Amino acid sequence: MNPSLILRTSAPLLLWMPLVVSLYVLVRGHNDPGGGFIGGLIAAGGVLFYAIARGPTAARAVLRLSPVALCGLGVLVATASGIPALLTPETPYLTHFWWFPTLGVTLPLGTALVFDLGVYLTVLGMASALFCALVEEAQ
Amino acid sequence: MMLALPILGVGIAAVLASLARPRIASVVGVIAALAALTVYLTQVSSVAEGLIPTAAFGAVPALGIAGGLRLDGLSLVFVLLITGIGALILLFAEGYLADDPKRKRLVAMLLVFMLAMLGAVTADDVIVLFVFWELTSLTSFLLVGYKHEREASRRAALQALLVTGGGGLVLLAGLILLTMAAGTTSLSGIIAAQSAVLADPLASVAMVLIILGCFTKSAQVPFHFWLPNAMAAPTPVSAYLHSATMVKLGVYLLARLNPLYQEEALWQALLSYGGIATALTGVCLAFRETDLKRVLAYTTVTALGTLVMLIGIAPDLSITAAMTFLVVHAFYKAALFMIAGAIDHAAGTRDASQLRGLGQVMPVTALAAGLAAFSMAGLPPFVGFVAKELIYEAKLEMGSAATGLIVAGFLVNAATVAIAVVLSWRLFAGRQLVAPSGAASPPHDPPLSMMVGPVVLACLGLMAGTLPTVLGAVLIDPAVTAVLGRPADVTLKLWHGFNAVLALSAATVTVGIVLYLLWERLVPRLKAVSLLDRFGPSVGYEHWLAATLRLATRTTTTIQHGSLTGYVRTLVLVMAVACLGMLILRGGVAWPEGGASLDARAGLGGLMLIGLGGTVLARTALQAVLAMGLVGFTTALVFLMFGAPDVAFTQFAVETLLVVILTTALMRLPIQGRDGRSRQQKLGDAGVALLCGVAVAAVLAAVLASPFDPRLSVWFGAESLPAAHGRNVVNVILVDFRALDTLGEITVLAIAAFAVVALLRSNRPPAPTAPSPQGPLA
């Protein structure tokens, strides 16, 4: 694929805007439409556009980790979010805990967000893995 | 606790033997077997008085398995034989395989087998028994196939495994029916619940299944063919498994369940006629063989048939005869097998027609063989005589009903006498023939390790014969009590006075000697009867095996044809047929009530039809993918319009990515762009697609037509905010209420990603290497 100059130059925008939107969608998911799956898909969309514009090696460099490692990290994070529940005997695995610190506004923080982050990473890793493997250029 | 100790000890010894050097492994094995024997010997006095030790073992209450070990008279006889003969065999194996550096594998396997046998005969639970039963089949497979480089060994091992394993499955079915009828898996509990078991409508089915399972294990007709073929195993294995222990396991289970079934006419008929038929078959086929091991194998078949018959016939004395004969046969058969191994080791051949006069060079072996053969022929004062007398006495007690059995038994015994003389007199007495080739040095008495076994066993046969009362009180009486289910008064005597039984025994020996004199002329004549070779059950087995393999090949090539479109077509078709079938079974298609009014949202249907038309009419795959994307986006709009924003959001994102990825795939992978199907294929595929669409639509309509139960949605809606601090119920369900399901889903996603990456990587052509220094044409 030989992307045009316009596509190559606007690639960073095609990457970062979806990424920011995806993070927003991830965090708002608990109270409004959104969540980990959708956020991950939107982020993957951004990475895919970047891979079309600049190539898969550049896309992988943006991700820092290899896509399948990202999948694994996501599953690990999701599994780990349930572990605090094992520390108290009466709560089974994956019971979520919440804290509400006030720093001006009351922030709802909980292990549910960590779980959703794991889902996000897995979906992002999977779609990127599929796509980068497909467009791999034989060097 | 004591009962589990030998089993665990032998197990540990097996592990140690597999790790140690070969010599040490044999020593470990012998020590373990002797230690187990000692433990069991300490229990002899208590069992003789009627106190039955038990132990807990392998209970799984969650599955309803009671578990447990139990050592009554019957089990005691078996464990003493297993450990005692096992120790002698392990000692023999050390000498027989002295130049085999891998023999620690054999020792370890023999120990595992010993463990399995001990577990099987002491198990008081049907499931524990079955597990050990199958373990004996498995270890037997590994032991028979010990010399796995030879094809004959592999085939024999597979045959033994398939026959006994198949029998094991049948046995399992029978045992499960028995458990369901009795309400417990405990063997003693089942026997105690006799009336409940026999009143069950499937009682005779269970009985026949169990009998079939035991028949395969104990090589009864028509399952006898695996035993002579298993002689491909090394001699220590044959001596242990296929004469003294494993094949007796079927007899053990029949004896164990005898208190339950002994009054049933079907049980008596099957066992007595099956047993005597087996005995006759064994003896006729034994007369066609000159290979020592095969002769011994067929006589083992005969002995097993006799044992089964004795358990089946009615008089109580027959059980005494069976138990005595069990011990007798174990002694002399193991001894004779070991002697056959010694002869093979020393003279290089096992062909009885070529060996004569070995007694001059192998005197100790000759003595042991003579003693064992006397016991086999049933001559006084050997314990074989005691057993044979008991057998005749039991049959005579049955009166005129048993005339056929008596005549058949007479012939069997006479033939056994003949073979006993062959194995002793003919082999060892007289002048030595020309020294057979194939031996490293002229034949001589084997080393001590190989001599101990036969001599000890032969002497035991003599001792037990001269002191039968000791044997009777200590071992046979508790065993018969266990098999009959009621106390028996057993006295074994050597001399019963001049009566019909003695006359029968004398006549047997006479006819036997006549048969021996005819042996040399009978064998080639019987061998020439090729009918037996062409139509036996062994041939049937070969045909069945070949047919099964052909069926497997044909099924695999039909189902795994490698065409992706074929797989997809099959999947879609099966799904459609399953949906329609289910609807028909439930009584037809239902249509939801209350039509909705037609509003602007109906336009989405039109948009979808445009997408559908585009997909079907597209000329290239790229056009089809884009049109399908339109259908997907329309679906997302439908979700949005009908109040499911999260699903719509997901569908939009998924559809976008799907179109991008599919398009990239089409451009990168060598998929043909244009549709290459013929008109007929297109019509066929259209039909399948239409059927699937109609089926799914009908199912959806039926789902909508059934009343909606709102309880779950109400609960989730109510609990979402207070318990999970979230207003988006869908997300809260995914992340909190059903988080474990979501964890599973993302694991599946990760696995799919790995699989796709691996497949795409393996398909890529290897990266071109640096150009060779000789230039591109080199």
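Here is a walk through this predicted model, stop by stop, with something to select at each one.

**Stop 1: chain A by itself**

Start by hiding chain B. Chain A holds 7 helices and 4 strands. Follow the ribbon along the sequence and you'll pass through α-α-α-α-α-α-β-β-β-β-α. Its C-alpha atoms fit a box of roughly 60 × 35 × 20 Å along the principal axes.

While you're here, pick Leu94(A). Its phi is positive, about 70°, although Leu94(A) is not a glycine. You'll find Leu94(A) in the loop that runs between helix H6 (84-87) and strand E1 (98-99) of chain A.

**Stop 2: where the chains meet**

Bring chain B back and select the residues in contact between the chains. You should get 46 residues from chain A and 40 residues from chain B. The size of an interface is often given as the accessible area lost when the parts come together. Here the area buried between chain B and chain A is about 3,700 Å², and carbon and sulfur atoms give 78% of that.

Now colour the chain B side by element. Helix H30 (645-668), helix H33 (729-737) and helix H34 (739-763) of chain B each give two or more residues to the side that touches chain A. Zoom in on H34(B) in particular, as it gives the most, with 14 residues. Switch to colouring by residue class, and this side of chain B shows 26 nonpolar, 8 polar and 6 charged residues.

How many salt bridges are there between chain B and chain A? The count is 0. Polar contacts do turn up, though: 9 residue pairs across the interface of chain B and chain A, with both residues of each pair at pLDDT 80 or more.

**Stop 3: the largest pocket**

Next, show a surface and go to the largest pocket, with about 2,200 Å³ of space. To centre your view, select Val568(B), Thr615(B), Ala624(B), Met628(B) and Arg677(B), which are the closest to its centre among the 49 lining residues.

Both chains take part in this lining. Chain A brings helix H3 (36-54) and helix H7 (111-134), while the chain B elements that give two or more residues include helix H27 (564-585), helix H28 (603-617), helix H29 (621-641) and helix H31 (679-705). H30 and H34 of chain B are on that list too, and you've already met both at the interface with chain A. Which element gives the largest share of the lining? That's H30(B), with 8 residues. By class, the pocket lining divides into 34 nonpolar, 6 polar and 9 charged residues.

**Stop 4: the largest cavity**

Turn on a clipping plane for this one. The model has 4 cavities of 30 Å³ or more, and the largest has a volume of about 140 Å³. Select Thr302(B), Thr306(B), Phe325(B), Val412(B) and Asn413(B): of its 18 lining residues, these lie nearest the centre.

Then show the helices around this cavity. Helix H15 (265-286), helix H16 (292-312), helix H17 (316-347), helix H19 (383-397) and helix H20 (403-428) of chain B each supply at least two lining residues. H16(B) gives the most, with 5 residues. The lining is made up of 8 nonpolar, 7 polar and 3 charged residues.

**Stop 5: two details in chain B**

Over all chains there are 9 salt bridges. For one of them, show the side chains of Arg23(B) and Glu94(B), which meet at 3.2 Å, N to O. This pair links distant parts of the chain: Arg23(B) belongs to helix H2 (residues 22-42) and Glu94(B) to helix H4 (residues 73-96) of chain B, 71 residues apart.

Finish at Val221(B) and Pro222(B). Is the peptide bond joining them cis or trans? It's cis, with omega at about -5°. To find the spot on the ribbon, look at the loop between helix H10 (203-217) and helix H11 (226-229) of chain B, where Pro222(B) sits.

Technical notes
Residues are numbered from 1 along each chain as its sequence is written. Chains are lettered from A and ligands numbered from 1 in the order in which they are written. Side-chain values use heavy atoms; hydrogens and water are left out. Contact means heavy atoms within 4.5 Å. Buried area is the accessible area (1.4 Å probe) that two parts lose on being put together, summed over both. A salt bridge is a side-chain nitrogen of Lys or Arg within 4 Å of a carboxyl oxygen of Asp or Glu. A polar contact is a pair of N or O atoms within 3.5 Å; within protein, one must be able to donate a hydrogen and the other to accept it, and residues adjacent in sequence count only if both atoms are side-chain atoms. Ala, Val, Leu, Ile, Met, Phe, Trp, Tyr, Cys and Pro count as nonpolar, Asp, Glu, Lys and Arg as charged, and the others, Gly among them, as polar. On a 1 Å grid over the protein atoms alone, a cavity is a set of points where a 1.4 Å probe fits but cannot get out, and a pocket is an open set with protein on both sides within 12 Å along at least five of seven lines; lining residues have an atom within 4 Å of a point. Grid points are joined across faces, edges and corners, and a volume is the space filled by probe spheres set on the points.
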